[in-house]
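The exercises below are meant to be worked through with the sequence and the coordinates open side by side. Try each task before reading its solution.

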Amino acid sequence: MSDLEVTHQSVRDYIDAKKRGDRKTTDRIIAEASARFATRTTDGSEMAQLGHASMHVRFGEGV
């Protein structure tokens with residue numbers, strides 16, 4: 001995935017699920033990360049990495 005260093009397990013899980021074409025898991029990961037961001041229990045880097053992954057990893061590309 002381009003030049004982004006992935007530092008969150010949730011982002012690695014998101015990338016794996018997206019490559020598998022697993023929309024249920026990608027949606028769950030985004031919802032959980034969004035909740036953490038909304039309650040300020042994260043510094044925002046997780047959401048930034050997820051946003052980058054959502055733009056650079058194709059859905060089902062690993063199938």
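**Exercise 1: a serine in a helix**

Ser10 is buried, with a relative accessible area of 15%, in what is a predicted model. Task: state which helix holds Ser10, and which residues Ser10 touches once those up to four places away in sequence are not counted.

Solution. Begin with the cut-off, since buried means under 20% relative accessible area, and the value of 15% for Ser10 therefore falls in that class. Next, place the residue: Ser10 lies in helix 1. Then look for its partners, leaving out residues up to four places away in sequence, and Ser10 is found to touch Ile29, Arg36, Glu46 and Leu50. Finally, a backbone distance can be added, for the C-alpha atoms of Ser10 and Ala33, which are 23 residues apart along the chain, are separated by 8.0 Å.

**Exercise 2: helix 1 against helix 2**

Task: find the angle at which helix 1 and helix 2 pack, and decide whether helix 1 is roughly parallel or roughly antiparallel to helix 2.

Solution. The two helices, helix 1 and helix 2, pack at an angle of about 155 degrees, and their axes are 8 Å apart. Because angles over 145 degrees count as roughly antiparallel, helix 1 is roughly antiparallel to helix 2. The crossing of helix 1 and helix 2 is left-handed. On the side of helix 1 the contact uses Ser10, Asp13, Tyr14, Ala17, Lys18 and Arg20, while helix 2 supplies Thr25, Thr26, Ile29, Ile30 and Arg36. Sorted by character, the residues of this contact of helix 1 with helix 2 comprise four nonpolar, three polar and four charged.

**Exercise 3: helix 3 and its two partners**

Task: work out how helix 3 is oriented, roughly parallel or roughly antiparallel, with respect to helix 2 and with respect to helix 1.

Solution. Take helix 2 (residues 23-38) and helix 3 (residues 45-56), which pack at an angle of about 150 degrees with their axes 9 Å apart; helix 2 and helix 3 are therefore roughly antiparallel to each other. Helix 2 passes helix 3 in a left-handed crossing, in which Ile29, Ile30, Ala33, Ser34, Arg36 and Phe37 of helix 2 meet Glu46, Met47 and Leu50 of helix 3. Six nonpolar residues, one polar and two charged make up this contact of helix 2 with helix 3.

Turn then to helix 1 and helix 3, whose axes come within 9 Å and cross at roughly 20 degrees, so that helix 1 is roughly parallel to helix 3. The crossing of helix 1 and helix 3 is right-handed. Here Ser10, Val11, Tyr14, Ile15 and Lys18 of helix 1 contact Glu46, Gln49, Leu50, Ala53 and Ser54 of helix 3, and the residues of the contact divide into five nonpolar, three polar and two charged.

**Exercise 4: the core and an exposed arginine**

Task: list the residues of the largest nonpolar core, identify the element that gives the most to this core, and classify Arg20 as buried or exposed.

Solution. The largest nonpolar core is built from eight residues, namely Val11, Tyr14, Ile15, Ile29, Ala33, Leu50, Ala53 and Val57. Helix 1 (9-20), helix 2 and helix 3 are the elements that give two or more residues to this core, and helix 1 gives the most, with three residues. Arg20 also has its place in helix 1, but Arg20 is exposed, with a relative accessible area of 51%, the cut-off for that class being over 50%. As a last step, note that the C-alpha atoms of Arg20 and Glu61, 41 residues apart along the chain, are separated by 7.0 Å.

How values were computed:
Residues numbered from 1 in each chain as written. Predicted model: local features only at pLDDT ≥ 70, side-chain atom pairs only at ≥ 80, totals over all residues. Heavy atoms only, no water. Axes fitted to C-alpha atoms, helices over the stretch in contact; angles between N-to-C directions. Helix = DSSP H or I, 4+ residues; strand = E, 2+ residues; numbered from the N terminus. Parallel < 35°, antiparallel > 145°, perpendicular 65-115°, else oblique. Left-handed = near helix turned anticlockwise from the far one by under 90°. Contact = heavy atoms within 4.5 Å. Nonpolar A, V, L, I, M, F, W, Y, C, P; charged D, E, K, R; others polar. Core = buried A, V, L, I, M, F, W, Y, C linked by side-chain atoms within 4.5 Å. Buried < 20%, exposed > 50% of the residue type's maximum accessible area, 1.4 Å probe, protein only.
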